[in-house]
Amino acid sequence: MGPIPRHIGLIMDGNRRYADRHNLIKSVGHLHGFNKLSQTLEWCKQMGVNEVTVYAFSIENFKRSEEEVNALMGLARDKFTNLLHEKDELEKNGVCIRFFGALNMLPVDIQKLVAKIVLETRHNKRAYLNVCFPYTSRHEIAEAITKISEGVQKGALTVSDIDEQLLEECLYTNRSPDPELIIRTSGEVRLSDFLLWQSSFSVLAFVDVLWPTFSFWDFCYAIFYYQRHHKVVEKAREEYLKQRFELEEKANEEEYFLNEEINLENCKTTRSKRISEFLINLENSDLQRIRELIEPVSN
Amino acid sequence: MSVEFAKRCVFALIYRFIHALYSLFEFFRKRLQFAARKHTANERSNFSVDKSFSKLPQHLAVIANCDHSGVHSIVDTISLIVYWCSLLEIEYITLYDAKGSPHFSALALPTLYSHRFVSGLLIKHKKSIESKIKQIQSNSKQKHSFTLKNGTSFKRPCFTLNNDIDASRLSKVTFISAVDGRQTIVQVTKDIASKMKRNMLNTVNPNEISTLIQEKNHFPDVDLAVILGSTPCVFSFPPWQLRVTEILTIQNHDRLEVEDFIEVISKYSKCQQRFGK
């Protein structure tokens, strides 16, 4: 029997089909979906799951009708404003809210709301809610590749510093453990560009109900399902990490050998120092960018 | 306080009991299903191509996470799947072994060859795999048998490799392991970074990265991934190519029957994608 997962990914699919079936307009379907999310987060809290990543809006969703996109943005505006009003509650529960995605694609006022929420809650440490808005995994990986390549261009990194771990540090999820369980509702059996990199060893629970009708028992079953498969997946993950460690060690040694470096230990220390400096700078500039969303720098 | 503690213990016990009951249930369900399968090996390989599917995958991947003892049965299953896929004229078949154990490709390839139909398939990295087989054979004293355990023999399928056949219509089979996934992305990052350093490039977008990754891996995005076994996990299959892949499982892969395969393909053909819309 496995433990309770620490981190769950949620693909909340089926709001519009729910609306169709109940003769509601689409935006009401999305509202029901949002209410279900707050309920689910409450269940997670009760169960002891302390991190949840939700796929709220995909970059691809901008292709939907203007009316629907505007309705969704309106819903986000309302709910984010409410969140800011409830900041004492968030503080009390120690909830840190992060946003994953291409924030620059959002309307400017929503960008400001997002920035305020992030800055207000960034020091909380008891529970984490990651909102993917507007997100795709390929965009995330492409952004990580760009960040690293720019680092190399500026001379902050060398090409040989690039490995899986560095890429992971440059993803939005750099401070989170990989999600152990991914739940997708509405019976679809694909990831649809959600956490592709991070879900390598996640248990995938495809649940055949529409998101607004996702019940407590569906949630419990998903956890139960994860616990049953935990052992096999965990073993595979450990083996993979071991294999990866060996591979990277070997690659590094070859690199030092090629550069005719004599003092191996010395090289390793300078390398890790260089990488951690790069990452700290990256974090600072990300934070700076969020701050600038609220008070743009006037030139 | 102690009452609270006792309560917790009781609940934990009940929960464990539920888990145990479920394990028992799973065990009997598997046994029953296994007993219900009585087709002989020859019947299993017979398969008439049903063209009535509304859509077929262009690229099918098989995901296996086998330990050493399981390799033989997995290889058996995989040869059947490759055979059926080739009858359906599925263009790309990718065989993924999470552990990347050389035994996987070393055992699978000769088995595929021995069925002859593989002479009509294009196998990537054929040379390197062949040399790997030789290496393993010379390294170990224990002889590997490359025929199936139950002595299955396959009927020669409807096509053979002769000069009239258009090579572009053959299925392309690729063996990959976890190294071909995230490591390919690392390699692509290195290439991009070196180009940027020499000012040959300034920005990259996901489409360009897709092209670069495909150049390295030689296969397009996966349309259908079939996981062998009961664990619903992709075991570090190349992440980039899994963007909109339909992920299905075949639980009873020990004695795979054509119905299981047909079921998976027809489930796939019913999947509708909206691409964000």
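This passage walks through a predicted model of two chains, A and B, from the sheet of chain A to the place where the chains meet.

A good place to start is the sheet of chain A. It is an open sheet of 6 strands, in the order β3-β4-β2-β1-β5-β6, and the strands pair in parallel. As background, strands of a sheet pair through backbone hydrogen bonds, and the pairing can be either parallel or antiparallel. The edges of the sheet in chain A are formed by β3 (95-100) and β6; each has a single partner strand, so one side of each is left without a neighbour in the sheet. Direction ignored, neighbouring strands of this sheet are turned by 15 degrees against each other on average.

One pair of strands can be followed in detail. Strand β5 (residues 181-184) of chain A runs parallel to β6(A), and 4 bridges join the two. Opposite Ile183(A) stands Ala205(A), a residue of β6(A).

Helices pack on this sheet as well. Helix α2 (residues 26-47) of chain A touches β1 (7-11), β2 (51-55) and β4 (127-132) of chain A, and its direction makes about 160 degrees with that of β2(A). Helix α8(A) lies across β5 and β6 of chain A, and runs at about 150 degrees to β6(A).

Helix α2(A) also meets another helix. Two packed helices are described by the angle between their axes and the distance between the axes. For α2(A) and helix α3 (residues 66-85) of chain A, the axes come within 10 Å and cross at roughly 35 degrees. The crossing of α2(A) with α3(A) is right-handed. On the α2(A) side, the residues that take part are Lys26(A), Ser27(A), His30(A), Leu31(A) and Phe34(A), and they meet Glu68(A), Ala71(A), Leu72(A), Leu75(A) and Lys79(A) of α3(A). Sorted by class, the residues of this contact are 5 nonpolar, 2 polar and 3 charged.

Further along the chain comes helix α9 (residues 264-294) of chain A, which has 31 residues. From its first C-alpha to its last, α9(A) reaches 46 Å, close to the 45 Å expected at 1.5 Å a residue. Within α9(A), Ile275(A), Phe278(A) and Leu293(A) are buried. The buried residues of this helix pack against α5 (108-121), α6 and α7 of chain A.

A few single residues deserve a look of their own. Glu91(A) belongs to helix α4 (residues 87-93) of chain A. Glu91(A) counts as partly exposed because it has 13 C-beta neighbours inside 10 Å. Its C-alpha atom is separated by 19 Å from that of Gln39(A), and the two residues are 52 residues apart along the chain.

Some backbone details also stand out for a reader new to structures. The peptide bond from Phe133(A) to Pro134(A) is cis, with omega near -20 degrees, and Pro134(A) is found in the loop between β4 and α6 of chain A. Asp193(A) is not a glycine, yet it has a positive phi of about 65 degrees. This residue, Asp193(A), sits in the loop between β5 and β6 of chain A and is buried, with 23 other C-beta atoms within 10 Å. In chain B, Phe235(B) has a positive phi of about 50 degrees, although it is not a glycine either. Phe235(B) is found in the loop between β5 (224-228) and β6 (246-250) of chain B, and counts as buried with 24 C-beta neighbours inside 10 Å.

Chain B as a whole has 8 helices and 6 strands. From the N terminus on, its elements run α-α-β-α-β-α-β-α-β-α-α-β-β-α. Of the 277 residues in chain B, 33% are buried. Among contacts in chain B between residues at least 6 apart in sequence, 80% join residues at least 24 apart.

Finally, the two chains can be viewed together. Where they meet, 39 residues of chain A are in contact with 39 residues of chain B. On the side of chain A that touches chain B, α6 (137-154), α7 (164-169), β6 (203-206) and α8 (216-258) each supply at least two residues. The largest share of this side, 10 residues, comes from α6(A). By class, the side of chain A that touches chain B has 20 nonpolar, 10 polar and 9 charged residues.

Technical notes
Residues are numbered from 1 along each chain as its sequence is written. Chains are lettered from A and ligands numbered from 1 in the order in which they are written. This is a predicted model: local features need pLDDT of at least 70, side-chain atom pairs count only at pLDDT 80 or more; totals for chains, interfaces and linings use all residues. Two residues are in contact if their C-beta atoms, placed from the backbone, lie within 7 Å. Ala, Val, Leu, Ile, Met, Phe, Trp, Tyr, Cys and Pro count as nonpolar, Asp, Glu, Lys and Arg as charged, and the others, Gly among them, as polar. The expected span of a helix is 1.5 Å times one less than its number of residues. A residue is buried if 20 or more other C-beta atoms lie within 10 Å of its own, exposed if 12 or fewer, and partly exposed in between; C-beta atoms are placed from the backbone. Two strands pair if DSSP finds at least two bridges between them. Axes are lines fitted to C-alpha atoms, for helices over the stretch in contact, and angles run from 0 to 180 degrees between N-to-C directions. A crossing is left-handed if the near helix is turned anticlockwise from the far one by less than a right angle, and right-handed if clockwise.
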